[in-house]
Amino acid sequence: MRKSIVAAATALTVAATGFAGVVVPAGPANAALSGVPADCSVFTAAYRSDGQRLSYGYSAGETSTTAYAGDNLDWVPSAHQQIGASGDDTSFRSTEYAVHPTDGWLYKVSRQGEMVDGTMRVTSVSASRLKSGFANTRILATASPYLYRVAGTSLYRYTETYVDDVFTLSSPVQLTTTGWDTVNTLTYERSGGTGSGAVDVLIGTKTNGQLKEWRINQATPKTITSKVLRTSGWAPFTSLSTGYCAEHPNGRPLLGIRANGAASVHFDAKKTDGVGTDIEGGSLGLLGWTAKAYGQ
């Protein structure tokens with residue numbers, strides 16, 4: 001459900017000051033790839049160097065870049081993750097985690113958009129300090145009520161809680177101390193199991209080219225198992241996101257973005273089998289997606 005809400009919010013048709021047209025075109029109008037069903041959609045957030053927030057997306061065989069007037073921060077997050085979003089074609093609200101690149105704080109960013117004189121624009125953006133101790137954070141992945149963080153060689157987990165009705169995060173639990181400096185991308189994909197067997201499943205890419213899944217036990221989070229889905233070819237991606245397929249609920253689309261602005265989209269027909277040999281899709285080419293993108 002979270003993926004659907006996020007995608008719906010980011011896919012709103014908008015006009016933005018400084019951008020041509022309603023949705024900024026990215027690449028060919030029809031970028032459909034063999035093996036990726038037309039009902040699949042996947043989006044990710046990005047920030048340009050001037051602080052303008054963007055949404056890069058692939059839906060129904062087409063690519064898009066979406067921007068909202070007034071949707072700016074004074075800084076570019078070193079790590080970013082959507083918490084939640086809701087809206088329709090007249091208004092939306094979203095809440096996000098964002099790590100400041102220099103002050104070491106995790107912020108909660110709240111955004112509100114409204115249709116004004118026929119144009120969707122962001123009417124309010126606020127960034128409030130949530131927790132210190134986030135220096136050198138490269139990646140965030142949220143699996144509410146848990147937040148995963150990659151910094152240096154380590155993986156950490158925080159628990160979202162309410163203290164006197166105020167949203168806060170617990171102290172970090174360091175899950176592993178080695179090896180995570182070789183992880184390029186990481187995003188929450190799903191949760192599964194029950195009771196002591198409940199796990200969060202995260203998917204990501206490594207510097208050695210692997211596409212990999214990690215299963216983190218919710219009750220004993222230092223118990224982590226993993227499976228290599230693909231052994232090579234995934235190292236160049238600096239952002240990896242998963243989405244949803246309306247008519248293929250057992251599958252998942254994967255959107256990978258490279259630093260040079262090229263992108264690829266893939267489809268895994270059975271997301272729960274731990275097998276990557278059946279993943280189809282391929283390159284969308286150079287789309288100009290050079291803003292810093294974050295896995296969602």
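**A four-stranded sheet and its aromatic contacts**

An open sheet of four strands follows the order E14-E15-E16-E17, with antiparallel pairing; strands (E, at least two residues) are DSSP runs numbered from the N terminus, and two of them pair if DSSP finds at least two bridges between them. Strand E14 (183-192) and strand E17 (224-230) stand at the edges with a single partner strand each, so one side of each is left without a neighbour in the sheet. From one strand to the next, the twist averages 25°, with angles running from 0 to 180 degrees between the N-to-C directions of axes fitted to C-alpha atoms. Strand E16 (residues 211-217) is joined to E17 by six bridges and runs antiparallel to it. Leucine 211 stands opposite arginine 230 in E17.

This is a predicted model, in which local features need pLDDT of at least 70 and side-chain atom pairs count only at pLDDT 80 or more, while totals for chains, interfaces and linings use all residues. Residues are numbered from 1 along each chain as its sequence is written, and side-chain values use heavy atoms, leaving out hydrogens and water.

Aromatic contacts come next. Eight aromatic pairs are found across the whole structure, where rings of Phe, Tyr and Trp (its six-membered ring) pair if their centres lie within 6.5 Å, and planes under 30 degrees apart count as stacked, over 60 as edge-to-face and the rest as tilted. The rings of tyrosine 56 and tryptophan 289 have centres 4.7 Å apart and planes at 10°, so this pair is stacked. Tyrosine 56 lies in strand E3 (residues 52-59) and tryptophan 289 in the loop between strand E22 (280-286) and strand E23 (292-293), so that the pair links distant parts of the chain, 233 residues apart.
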